[in-house]
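Trainee: Could you take me slowly through one helix of this model, and then show me how its surroundings fit into the rest of the chain? I would like to follow the reasoning at each step.

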Amino acid sequence: MALSSSRRRSTSGSSSSLDDLDDQNNTALKEEQKANQNPSNLPQDFLVKYLGKKDARGLWGIKHTRKPVDDMVGLARGLGPGAPLPYLQLSVSHRGVLVTPHKNNTCNTMDCGMYPIDTISYGVQDLVYTRVFAMIIVKEASQGREEPSHSRSNPFQCHAFVCDSRQTARRLTFALAGAFKIFSKSIKSNQVNQPAKFAIDLRSPEEMEEDIQNELDSEA
């Protein structure tokens, strides 16, 4: 499959690591989409393929997810024909994003679990690969053990997921925006806790590209 993008298409042939979900999974996804038309309804579940994670260089902004996504797409394409990606379910709620293996998953990953809302600093539908949703996780400092200096100096990780369509990636972005909104209200009502820093980019890929081009033109 070609992992479609707004600017280029993959020339890789039959690698199932990035191919479209099979007919059975597509049917399940369509049913799930109908059940979750309103992005403000939480929790919402999404079936995705996991590209992986890479270090990010900042807390939020498309500039901090673009290169990690490019790198992960390149790695996935290099797996070879027939190499699968983890097939997962993302459940977005006011508590955060719960990542669990789907019952049809054949590729184990250590990155499943709950990502609390206060550790997610940014979420976005990718500008180039519009079926890809990316989020930046702020890693918590480990207790009672030494970590490499690189890990201590860079606490940001970009996780990326391939959705069945760009519409689903956009719905996932709006679902996380709804979770952020609920969390924001909760921290405002509790003045004891320092408000967390987080952002969600709700611009479409076309709007992001236009804004970036306008910024470049203004700097010229």
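Mentor: In this predicted model, the buried residues of helix α2 are Arg 66, Pro 68, Val 69, Met 72, Val 73 and Ala 76. When you look down the axis of α2, these buried residues fall within an arc of 165°, and so they line one face of the helix. On the other side of α2 you will find Lys 67 and Leu 75, which are exposed. The helix itself covers residues 66-77, which makes 12 residues, and from its first C-alpha to its last it reaches 17 Å, close to the 16 Å expected at 1.5 Å a residue.

The next step is to ask what the buried residues of α2 pack against, and the answer is three strands, namely β1 (44-55), β6 (132-138) and β7 (156-162). Two of these strands are also paired with each other, since six bridges join β1 to β7, and the two run antiparallel. Within that pairing, Lys 49 has Val 162 in β7 as its bridge partner. Strand β1 has a further partner in strand β2 (residues 87-93), to which it is joined by six bridges, again in an antiparallel arrangement; here Asp 45 stands opposite Ser 91 in β2.

Strand β7 deserves a longer look, and Phe 156, which lies in it, is a good place to begin. Phe 156 counts as buried because its relative accessibility is 18%, and the cut-off for buried is under 20%. Although Phe 156 and Asp 55 are 101 residues apart along the chain, their C-alpha atoms are separated by 5.9 Å. If we leave aside neighbours within four places in sequence, the residues in contact with Phe 156 include Lys 54, Asp 55, Ile 136 and Val 138. Phe 161, with neighbours within four places again left aside, has contacts that include Val 48, Tyr 50, Leu 88, Leu 90, Val 132 and Met 135.

Phe 161 also belongs to the largest nonpolar core, which has 24 residues, and is among those with the most contacts inside it, together with Leu 90, Val 97, Ile 120, Met 135 and Leu 176. The elements that give two or more residues to this core are β1, β2, β3, β6 and α4 (166-188), and the largest share, eight residues, comes from α4. A second, separate core has 20 residues, and it brings us back to our helix, for it includes Val 73 and Ala 76 along with Ile 136 and Val 162.

Stepping back, the secondary structure of the chain comes to five helices and eight strands. Of its 220 residues, 46% count as buried, and among contacts with a separation of 6 or more, 67% are between residues 24 or more positions apart.

Finally, a word of care about confidence. The mean pLDDT of the chain is 76, with 61% of the residues at 70 or more. Confidence is highest in strand β3 (residues 96-101), at a mean of 96, and lowest in helix α1 (residues 23-35), at 47. Over residues 142-151 pLDDT stays under 50, and the model has five contacts beyond four places in sequence for them. Where pLDDT is low, the predicted coordinates should not be read in detail.

Methods. Residues are numbered from 1 along each chain as its sequence is written. This is a predicted model: local features need pLDDT of at least 70, side-chain atom pairs count only at pLDDT 80 or more; totals for chains, interfaces and linings use all residues. Side-chain values use heavy atoms; hydrogens and water are left out. Helices (H or I, at least four residues) and strands (E, at least two) are DSSP runs, numbered from the N terminus. The expected span of a helix is 1.5 Å times one less than its number of residues. Buried means under 20% relative accessible area, exposed over 50%, partly exposed in between (1.4 Å probe, protein chains only). The arc is that of the directions from the helix axis to the C-beta atoms. Contact means heavy atoms within 4.5 Å. pLDDT is the predictor's confidence in each residue, from 0 to 100. Two strands pair if DSSP finds at least two bridges between them. A nonpolar core is a set of buried Ala, Val, Leu, Ile, Met, Phe, Trp, Tyr and Cys residues joined through side-chain atoms within 4.5 Å.
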